[in-house]
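Please open the model in your viewer and keep the sequence beside it. The stops below suggest what to select next and say what is there.

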Amino acid sequence: LFMAKFSVSIGKVNNVEWMNGIVQRLNVKLNVRVFLDNGVLIDTGCASLQRQFTEWMNDKEINAVFLTHSHEDHVGACKWLQEVKHTPIYLHEDSLLPVSQKASYPYYRKVFWGEREPFSAQPMFDEIQVNNSKWLSIHTPGHSSDHYSFFNQSSGNLYSGDLFVHPTTKVILKEESIPQIIQSLN
């Protein structure tokens, strides 16, 4: 229908590797980011950029995946990580069953993010040790009820997924709650 443009950029800051994927259709440009911190991958990107994300992930040591939430732009390479790298994936317990089934979300989101494949995940932890880093999960609902932020106590890095308020928000989903997002930010 409308040809999409895909691009990626990669980098490293203070031993944290990252990849940013961009999907552009007409004049709408959306970003999706993943981070790799001491063997922990925060989110997995979207299905429409799965080839680019998996090429980047292929030579990385990934010991665990922490999903900030179950939206399709954060879980696109989960199935690949399970089948190819046999990586444990952690997600809010309320989303374990839905992600194990065929995805159901609006067409406009499929146009940008693609259609994620079903995968299995383990329930989120409160605290976990991966390699030499101690992690805390912080339930931060508002953008979605299953949203988590992750704090690497060893490095001081905080990963907040889609927990932000931006002055020029492009889309507000019907399940989002701005007051709850602000409460989670506080």
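**Starting in the sheet**

Select Leu36 first, and you will find that Leu41 of strand 4 stands opposite Leu36. The model is a predicted one, in which local features need pLDDT of at least 70 and side-chain atom pairs count only at pLDDT 80 or more, while totals for chains, interfaces and linings use all residues. Residues are numbered from 1 along each chain as its sequence is written, and side-chain values use heavy atoms, with hydrogens and water left out.

Widen the selection to strand 3 (residues 28-37) and strand 4 (residues 40-42), which run antiparallel and are joined by three bridges; strands here are DSSP runs of E of at least two residues, helices are runs of H or I of at least four, and both are numbered from the N terminus. Two strands pair if DSSP finds at least two bridges between them.

Now show the whole open sheet, whose seven strands follow the order 1-2-3-4-5-6-7 with mixed pairing. Strand 1 (4-13) and strand 7 (122-123) stand at the edges with a single partner strand each, so one side of each has no neighbour in the sheet.

**Onto the helix**

Next add helix 1, which packs on the sheet and touches strand 1, strand 2 (16-25), strand 3 and strand 4, contact meaning heavy atoms within 4.5 Å. The direction of helix 1 makes about 170° with that of strand 2, where axes are lines fitted to C-alpha atoms, for helices over the stretch in contact, and angles run from 0 to 180 degrees between N-to-C directions.

Finally, select helix 1 (residues 50-58) together with helix 2 (residues 78-85), which pack at an angle of about 35° with their axes 11 Å apart.
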